[in-house]
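Me: I'm new to reading protein structures, and I'd like to learn on a real case. Could you put one up and walk me through it?

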Amino acid sequence: MGDLFGMDDAARVAPGLRRGRGAVSNRVGRYERETRAPVDDGWEGDEDDAPPPLRTRLIPDASRSVIARNASPDLPFDRSINPYRGCEHGCVYCFARPTHAHLGMSPGLDFETRILVKRGAPRLLEGELRRRGYAVAPIAMGANTDPYQPAEREERVTRGILEVLQAHRHPLSIVTKGALVTRDLDIFGEMGRAGLAQVAVSLTSLDNRLSRSVEPRAASPQARLRAIAALSRAGVPVGVMLAPVIPAVTDHEIERLLEAAARAGAKWAGWIGLRLPAEVEGIFREWLEAEMPDRAARVMGRVAELHGGKVYDGAFGRRMTGQGVWSALLRRRVETARKRLGLASRPPELRRDLFRVPPRPGDQLDLF
Ligand code: SF4
């Protein structure tokens, strides 16, 4: 059966099974031929027979390199590290979702529940920093998936990467929606004060009900503001990213979000508009239909207005903040609020001159 948007709903998962998750379905990725979804087989059963809610599975990732490079002219970094593939925070709008299709998994619920963990990342990183000809430049974390998602509490892969960067005085920028970032205040404080680290906390809404629905396992808005305050007190250059601003859903909060972040100690602010590449469009539409059916058509109309008539325009220079009247209006509101609140538009430059190449095993022995 088709839905409001003419999509097949075979992949939908019952609300009880996806409790605490963002996506409504486990719709297939571009490369899969078959849909998998739990079905009612018609046998009566009591509540005890109901299948349990979806659990998160951690899967070892056997990647042999850890620094990913990019040449995008609209990104302020040329290299990044993602300790995890998939993200349990489960934000409905997450533009990293389509990467799970490349792994043969669904960008829907699989993205939130089947998380690949790069346990070898700290060791690989040390080797890559040691390579002859390595030219130092800030490494971005959180550009794709969140380094402080729930798995990090036990796995500590992000912590291991930070320890390598700290030991070799390598610059780092990080963006997160996880309050766990404050666990690593000791490292961020020292690196921040040395001009080697800056942190941005991503905020979408101050409305707890909306946040729980659209980004179900990310930290609450209040916990994110407390993280900004703790980072600021520790001497870490900290900013806020309104990422994303969702037209007709959260754009009325722009000024209040920036005021709350500035009060907490943020020193700069950035924003990106909602963008819905590949499978994310269908996932977002399904969520809209389930959560705010009366507003769904208006929201999608505004999203298209922001992107020059298309739901998604991936062109460099336009994909982050859109184009046209709507984009200009949002930009002006952010700019006006920034000026009023004394927020910069970008973080401070990070130092590169302090970098020390990791010694090779046995180098110490050569001293004697
Ligand atoms: S926290 Fe970031 S990476 Fe994780 S699901 Fe949300 S938007 Fe995606």
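Me: Okay, let me start small. Which residue in β5 is the bridge partner of Leu58?

Reply: One thing before we start: this is a predicted model. As a general idea, strands of a sheet pair through backbone hydrogen bonds, and they do so either parallel or antiparallel. Here, Leu58 has Ile115 in β5 as its bridge partner. Move to Ile59, and you'll find Leu116 of β5 standing opposite.

Me: In which sense do β1 and β5 pair, parallel or antiparallel?

Reply: Parallel: β1 (residues 57–60) and β5 (residues 114–117) are matched over four bridges. Now look at β4 (residues 84–85), which is joined to β5 by two bridges and runs antiparallel to β5. In that pairing, Arg85 has Leu116 as its partner in β5.

Me: What is the order of the strands in that sheet?

Reply: Reading across, the order is β1-β5-β4, an open sheet of three strands with mixed pairing. β1 and β4 are the edge strands, as each pairs on one side only. While you're there, a handy general idea: in a regular strand the side chains alternate between the two faces of the sheet.

Me: Let's try a helix. How many residues does α8 have, and how far does it reach?

Reply: Helix α8 (residues 221–233) has 13 residues and reaches 19 Å from its first C-alpha to its last. At 1.5 Å a residue you'd expect 18 Å, so the two values are close.

Me: Which residues of α8 are buried?

Reply: Pro221, Arg224, Leu225, Ala227, Ile228 and Leu231. Look down the axis of α8 and these buried residues fall within an arc of 155°, so they line one face of the helix.

Me: What covers the buried residues of α8?

Reply: The cover includes the helices α6 (185–193), α7 (208–214) and α9 (254–264), along with the strands β8 (197–203) and β9 (238–245). Just after α8, Gly235 takes a positive phi of about 85°.

Me: And the ligand: which residues surround it?

Reply: Among them are Cys87, His89, Cys91, Cys94, Asp146, Lys177 and Glu215. By type, the shell splits into five nonpolar, three polar and three charged residues.

Me: Last one, zooming out: how many helices and strands are in the chain?

Reply: Twelve helices and ten strands. Of the 368 residues in the chain, 41% are buried. Take the contacts with a separation of 6 or more, and 81% of them are between residues 24 or more positions apart.

Conventions
Residues are numbered from 1 along each chain as its sequence is written. This is a predicted model: local features need pLDDT of at least 70, side-chain atom pairs count only at pLDDT 80 or more; totals for chains, interfaces and linings use all residues. Two strands pair if DSSP finds at least two bridges between them. A residue is buried if 20 or more other C-beta atoms lie within 10 Å of its own, exposed if 12 or fewer, and partly exposed in between; C-beta atoms are placed from the backbone. Two residues are in contact if their C-beta atoms, placed from the backbone, lie within 7 Å. A residue is near a molecule or strand if its C-beta atom, placed from the backbone, lies within 6 Å of it. Ala, Val, Leu, Ile, Met, Phe, Trp, Tyr, Cys and Pro count as nonpolar, Asp, Glu, Lys and Arg as charged, and the others, Gly among them, as polar. The expected span of a helix is 1.5 Å times one less than its number of residues. The arc is that of the directions from the helix axis to the C-beta atoms.
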